[in-house]
Amino acid sequence: MQYSAAQLAFGAISIAFFPAAWVLVHFMMVHKEWCFADFCVESMGSRRVPVRNTLVVYYCFLGFSALVALAAKSSAVVKRVVGLKIHPRYTVTVGEVAWFSMALLLSLIIVPAMIWNPYWNMWVSMLKSMSSGKMNMGAGMQMQSWPWIRIVYETMTLTTGDSLALLLGLVILPVSKNTFLGTFLDLPYTSTVRMHMWLGYAIFWMTVVHLLVCMFAKALDTTPLYELFFTVPADTPWGNLKYIYLMGMIAFFFLGFVTFTSLSYFRRKHYNFFYVTHFLVLIVVVFAYLHASMDIFYMIPGLCMYAVDGFIRLYSLQSKETVESVIFEESGYITVTVATKQGASARPGQFMRVNVPSVSTFEFHPWSIVKSTPDSVSFVFQRSFQDKEWSSLVADKLKADSNLAVHLQGPFGKEIDVAADNSLNSVVFYVAGTGIAASVAAIKQVMERNAAASGPPTKIYLFWSSRKSGMQTLSWFQNSINDTKHVTVELFQTCDDEVPSADHVMSHRPNLKQLLNKYISPLVSESGVVSCGVFVCGPETFVRDALESASAFQNSRKEVKLTVEVESYDL
């Protein structure tokens, strides 16, 4: 894959952020004047060495993750292992589960184990000083009655806080789309989104644990909890650990709200609401830092990459592209072609982020590329079920102005591997709804390779399911792949409208196992062993059924080697 000079430059900058962040944190820890939080780790000499050690482990974990990703990119064996599905009906892979499990192991066990003794010894030393009268921690703690349980709670408060800081550093890394690392490491878009979601939920529940442990510890004090956690200290200077609890509660409130609006219901039914409220995470970051300075120690590389991402987004708003043509298809799909040179390097399966300033100034949405040329790029989308959602508003704007101004970013994402693999003697595209978009470009790629090849051509099969009627009338379908001499096509219209008379249009839901038996099994008698690539794209339930069917088919036909690639657009 060829990379542009801009991609290479941003890649180098992104990689440089990691060693630079490491140096910056070490510098901050010896310069308390750089700390603006109420609780500055920099002022506690007993915490410097443990925190530095955990930073070493954190960066080693990131380096190991990058090496595994590069190995999967260059080795088919490694790629196949990390891409194995944990269950025939689910898209979750072995690599995703393994990485997330290691992230939890690192943050919940390894880091606390590394720092428990130093923190425990710190509290024991403070207890001894108080017992001897050398230190006054305030009346009402009843240290003679509750010394060891108080130490346990206080130590757990610090260790859970450090665990949260590390998780915060991990969760922000998959967010940036323009930093080149995802593309360079060939990370699947769905995997990065899934890791971001899982880490986000882990952070919320770990924050709950952190809050409860802290409350258990402070319940031994004479100050009422509501006063400690929900009131502004009177006549108290900043930096004396009096605002730390209030700052933490504010961060927790916004984190809880963002977590709630990130649930599947809001992402699917009210995407704009989810999108806007997700920016409240920036408030979480600010108050988490004001709560305790080390909360940003692990986040610095991700924050820097997100800043670069934001700069690129703002820069892209300065150059407008123009919609070249719009086709409101009979089926309800909308085909948009934009005059631009940005899509010249696009590969099948990639997408671009599209902004329509007349609808929303800063809101970008991913659109899969149907076709790209040196001078234009085409997309297909459909209206949302909600009239006020972004895609519906864009459709209305396109009706009023077919030469709408847009901003583009990308292309992003990975290439469809089964389309690029010339060792396969057959490729199946099993897609639903707008999942057809990526398949069109991939089918054209395989057709062009067949035309240039001297040997037997790769057989191409397209099985497309849609709730829209008139699927076969789509302009790009007619012009690109509706050629039964080169592509075997079966369309499945699942709406209640009358199905037109056509040999390849069905009025029921597809079954991948039946289709594979119908078309792929006969190939065994022709060539003995069949290597077949299957690309599946659609809603999660559609994908799960397809994976189960593919697994059942593979178990029944050992002479067929299936390579299944999945893209679920429900995440």
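A residue is called buried under 20% relative accessible area, exposed over 50%, and partly exposed in between. Arg-557, at 21% relative accessibility, therefore counts as partly exposed. The model in which this residue sits is a predicted one, and the values below are all computed from it.

## Overall picture

The chain holds 571 residues, of which 49% are buried, and its secondary structure consists of 20 helices and 12 strands. Its accessible surface comes to about 26,600 Å², with carbon and sulfur atoms accounting for 62% of that area. When contacts are restricted to residues at least 6 apart in sequence, 74% of them join residues at least 24 apart.

Confidence averages a pLDDT of 80 over the chain, and 86% of the residues score at least 70. Residues 138–145 call for caution, since pLDDT stays under 50 over this stretch, for which the model has 13 contacts beyond four places in sequence.

## Salt bridges

The count of salt bridges comes to 5, and the table sets out pairs from among them.

| Basic residue | Acidic residue | Closest N and O atoms |
|---|---|---|
| Arg-194 | Glu-96 | 2.9 Å |
| Lys-341 | Asp-375 | 2.8 Å |
| Arg-557 | Glu-559 | 2.6 Å |

Arg-194 forms its salt bridge with Glu-96. This pair links distant parts of the chain, with Arg-194 in helix H7 (residues 189–218) and Glu-96 in helix H4, 98 residues apart. Arg-194 counts as buried because its relative accessibility is 6%, and Glu-96 counts as buried because its own value is 5%.

Lys-341 is paired with Asp-375 in a further salt bridge. Here too the pair links distant parts of the chain, 34 residues apart: Lys-341 lies in the loop between strand E2 (334–339) and strand E3 (351–355), and Asp-375 lies in the loop between strand E4 (365–373) and strand E5 (376–381). Lys-341 is exposed, because its relative accessible area is 62%, whereas Asp-375, at 47% relative accessibility, counts as partly exposed.

In the pair formed by Glu-559 and Arg-557, Glu-559 has a relative accessible area of 29% and is therefore partly exposed. Its partner Arg-557, as noted at the outset, is also placed in the partly exposed class by its 21% relative accessibility.

## Cysteines

A search of the whole structure finds 1 disulfide, which joins Cys-35 to Cys-40 with an S to S distance of 2.0 Å. The torsion about the S-S bond of Cys-35 and Cys-40 is about -90 degrees, so this disulfide is left-handed. Cys-35 and Cys-40 are both buried. Cys-304, for its part, has a relative accessibility of 27% and so counts as partly exposed.

## A nonpolar patch on the surface

Val-77, Val-81, Leu-84, Ile-86, Tyr-90, Val-94 and Val-97 make a nonpolar surface patch of about 550 Å². At least two residues of this patch come from each of helix H3 (76–82) and helix H4 (94–131). Tyr-90, one of the patch residues, is found in the loop between H3 and H4. Why can Tyr-90 be part of such a patch while being only partly exposed? Patch membership requires over 30% relative accessible area, and Tyr-90 has a relative accessible area of 34%, so it is partly exposed and still satisfies that cut-off.

## Two residues and their surroundings

Phe-328 lies in strand E1 (residues 321–328) and, at 38% relative accessibility, counts as partly exposed. Leaving aside residues up to four places away in sequence, Phe-328 touches Tyr-333, Ile-334, Ala-395, Leu-398 and Lys-399. Although Phe-328 and Leu-398 are 70 residues apart along the chain, their C-alpha atoms are separated by 9.4 Å.

Ser-549 is located in helix H20 (residues 540–556), and its relative accessibility of 14% is why it counts as buried. Which residues does Ser-549 touch, not counting those up to four places away in sequence? The residues in question are Asn-511, Leu-512 and Lys-513.

Note on methods. Residues are numbered from 1 along each chain as its sequence is written. This is a predicted model: local features need pLDDT of at least 70, side-chain atom pairs count only at pLDDT 80 or more; totals for chains, interfaces and linings use all residues. Side-chain values use heavy atoms; hydrogens and water are left out. Patches are made of residues with over 30% relative accessible area and no salt bridge: like charges are joined within 9 Å, nonpolar side chains (Val, Leu, Ile, Met, Phe, Trp, Tyr) within 5 Å. Accessible areas come from the Shrake-Rupley method with a 1.4 Å probe; for residues, only the protein chains shown count as cover. A salt bridge is a side-chain nitrogen of Lys or Arg within 4 Å of a carboxyl oxygen of Asp or Glu. Helices (H or I, at least four residues) and strands (E, at least two) are DSSP runs, numbered from the N terminus. Buried means under 20% relative accessible area, exposed over 50%, partly exposed in between (1.4 Å probe, protein chains only). pLDDT is the predictor's confidence in each residue, from 0 to 100. Contact means heavy atoms within 4.5 Å. A disulfide is a pair of cysteine sulfur atoms within 2.5 Å.
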